[in-house]
Amino acid sequence: SLALVAQRFLSYFPQLEDLQIVRAWAAATTYTRDGYPAFGWSRDVGNFFIAAGFKGAFTVAPAVGTQVLRALEGNMDPSLAGFGPD
């Protein structure tokens, strides 16, 4: 929520507590409890690839897209195996 973002922001920049925000942008941001994304092929559902839970996705979207393409082409980076959705 925007209130939580503002609270966290102020914990880092308390000197800006009198700042008046004119506009804000928000969107649903998915993330997992452990903070790690779910990335990989599902064991339980055939032909189902998951790339979700990237909190702050705008900053990592290009890299995630590149890795998804590699995985779909059968060249998934082995270092990403630990993020499997199952």
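Phe9 is found in helix H1, which spans residues 2-12. The structure described here is a predicted model. With a relative accessible area of 34%, Phe9 is partly exposed, because the partly exposed class lies between the 20% and 50% limits. Phe9 also belongs to a nonpolar surface patch of about 700 Å², which is made by Phe9, Leu10, Tyr12, Phe13, Leu16, Leu19 and Ile21. In soluble globular proteins, nonpolar side chains tend to be buried together. The patch around Phe9, by contrast, is a feature of the surface.

From the surface the account turns to the interior. The largest nonpolar core comprises 7 residues in all, namely Phe39, Phe49, Phe54, Val64, Val68, Ala71 and Leu80. Helix H2 gives the most to this core, with 3 residues. Val68, one of the core residues, is in contact with Phe39, Phe49 and Ala51 when neighbours within four places in sequence are left aside.

The aromatic residues of this region deserve a separate description. The count of aromatic pairs in the model comes to 5. One of these is formed by Phe39 and Phe49, whose rings lie 5.2 Å apart, centre to centre, with 85° between the planes. The pair is classed as edge-to-face because its interplanar angle is over 60 degrees. It links distant parts of the chain, since Phe39 is in strand E1 (residues 38-41) and Phe49 is in strand E2 (residues 49-52), 10 residues apart. Phe39 has a relative accessible area of 4% and is therefore buried. Phe49, at 17% relative accessibility, also counts as buried, because the limit for that class is under 20%.

Phe39 takes part in a second pair, with Phe54. This pair is likewise edge-to-face, at 6.3 Å centre to centre and 85° between the planes. Phe39 lies in strand E1 and Phe54 in the loop between E2 and helix H2 (57-72), so the pair ties together parts that are 15 residues apart in sequence. Both Phe39 and Phe54 are buried. Taken together, Phe39, Trp41, Phe49 and Phe54 form one aromatic cluster, and Phe39, Phe49 and Phe54 are also among the residues of the largest nonpolar core.

The loop between E2 and H2 also holds Gly53. Gly53 has a relative accessible area of 7% and is therefore buried. Apart from neighbours within four places in sequence, Gly53 is in contact with Thr30, Tyr31 and Pro37. Gly53 and Ala28 are 25 residues apart in sequence, and their C-alpha atoms are 11 Å apart in space.

The loop between E1 and E2 offers several further points. Asn47 is placed in this loop and has a positive phi of about 55° although it is not a glycine. Most residues other than glycine have a negative phi. At a relative accessible area of 73%, Asn47 is exposed, because that class begins at over 50%. Phe48 is placed in the loop between E1 and E2 as well. Phe48 counts as partly exposed, at 40% relative accessibility. Leaving aside neighbours within four places in sequence, Phe48 is in contact with Gly40, Trp41 and Ser42. Trp41, in turn, is a member of the aromatic cluster with Phe39, Phe49 and Phe54.

Charged side chains complete the description. A search of the whole structure finds 1 salt bridge. The side chains of Asp86 and Arg43 meet in a salt bridge, with an N to O distance of 3.9 Å. This distance qualifies because the criterion is a separation within 4 Å. The pair links distant parts of the chain, with Asp86 in the segment after H2 and Arg43 in the loop between E1 and E2, 43 residues apart. Asp86 is partly exposed, at 43% relative accessibility, whereas Arg43 is exposed, at 65%.

How values were computed:
Residues are numbered from 1 along each chain as its sequence is written. This is a predicted model: local features need pLDDT of at least 70, side-chain atom pairs count only at pLDDT 80 or more; totals for chains, interfaces and linings use all residues. Side-chain values use heavy atoms; hydrogens and water are left out. Patches are made of residues with over 30% relative accessible area and no salt bridge: like charges are joined within 9 Å, nonpolar side chains (Val, Leu, Ile, Met, Phe, Trp, Tyr) within 5 Å. Accessible areas come from the Shrake-Rupley method with a 1.4 Å probe; for residues, only the protein chains shown count as cover. Helices (H or I, at least four residues) and strands (E, at least two) are DSSP runs, numbered from the N terminus. Buried means under 20% relative accessible area, exposed over 50%, partly exposed in between (1.4 Å probe, protein chains only). Rings of Phe, Tyr and Trp (its six-membered ring) pair if their centres lie within 6.5 Å; planes under 30 degrees apart count as stacked, over 60 as edge-to-face and the rest as tilted. A nonpolar core is a set of buried Ala, Val, Leu, Ile, Met, Phe, Trp, Tyr and Cys residues joined through side-chain atoms within 4.5 Å. Contact means heavy atoms within 4.5 Å.
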